[in-house]
Amino acid sequence: NVTIMLANGEYVPASDVRVGDIIMSYDFATGKLAPSTVTYVQKFESNNTYVFNGQMRVDSNEVMYINGKWMRAYDAKIGDKLFMPGYGYITIYSIKKYNKGGFVYDFLGSPYNNYIADGYVIDILETT
């Protein structure tokens, strides 16, 4: 179960995050964690799941900060580097793809549109 970092440093299951909650984001301009207010929550069912390094679980379309830029999880490869505030870039040494999903949660925040999930920076929800 993916956990989201709240502004107080506590991690809670993504399913517990609600509009109005203060979550922790990452300010790339200052290089520091910064609070954001959740303005929108979307829950949807995913068909594919990726697990990086046996711990970070995301749906295949999730946008993550990889190799210094925003990339979709399905574009990540062994040897790429995921960004984890406080630790820097963590090398991806394993990727497992599952052709089953489950419920996935995405959030919009203000003033920052990223959030910390299981310690990693995840980008905003993209709507099409």
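In this predicted model, Val58 has a relative accessibility of 8% and is therefore classed as buried, the cut-off for that class being under 20%. Val58 belongs to strand 6. Beyond the residues up to four places away in sequence, Val58 touches Asn48, Thr49, Tyr50, Phe52, Met64, Ala73 and Ile122. Val58 also lies 9.8 Å from Asn1, C-alpha to C-alpha, although 57 residues separate the two in sequence.

The next residue to consider is Asp59, which is likewise placed in strand 6. Asp59 is buried and yet forms no salt bridge. The nearest side chain of opposite charge is that of Arg72, at 6.8 Å, whereas a salt bridge would require a side-chain nitrogen of Lys or Arg within 4 Å of a carboxyl oxygen. With neighbours within four places in sequence set aside, the contacts of Asp59 are Phe44, Ser46, Asn48, Thr49, Ala73 and Val104.

Thr49 appears in the contacts of Val58 and in those of Asp59, and this leads to strand 5. Strand 5 covers residues 49–52, and strand 6 covers residues 56–59. The two strands run antiparallel and are joined by four bridges. Within this pairing, Asp59 is the bridge partner of Thr49. Strands 5 and 6 form a hairpin with three residues between them, where Asn53 adopts a positive phi near 55 degrees.

Strand 5 is also joined by four bridges to strand 11, residues 95–98, again in antiparallel fashion. Here Thr49 stands opposite Tyr98, and Tyr50 has Lys97 as its bridge partner.

Taken together, the three strands make up an open sheet in the order 6-5-11, with antiparallel pairing. Strand 6 and strand 11 are the edge strands, each pairing on one side only. On average, neighbouring strands of this sheet are turned by 20 degrees against each other when direction is ignored.

Which way do the side chains of strand 5 point, and are they buried or exposed? In a regular strand, side chains alternate between the two faces of the sheet. In strand 5, Thr49 and Val51 point one way, while Tyr50 and Phe52 point the other way. All four of these residues are buried. Among them, Thr49, Tyr50 and Phe52 are in contact with Val58, the buried residue of strand 6 with which this account began.

Notes: Residues numbered from 1 in each chain as written. Predicted model: local features only at pLDDT ≥ 70, side-chain atom pairs only at ≥ 80, totals over all residues. Heavy atoms only, no water. Buried < 20%, exposed > 50% of the residue type's maximum accessible area, 1.4 Å probe, protein only. Pairing = 2+ DSSP bridges. Contact = heavy atoms within 4.5 Å. Axes fitted to C-alpha atoms, helices over the stretch in contact; angles between N-to-C directions. Lys, Arg positive; Asp, Glu negative; His and termini not counted.
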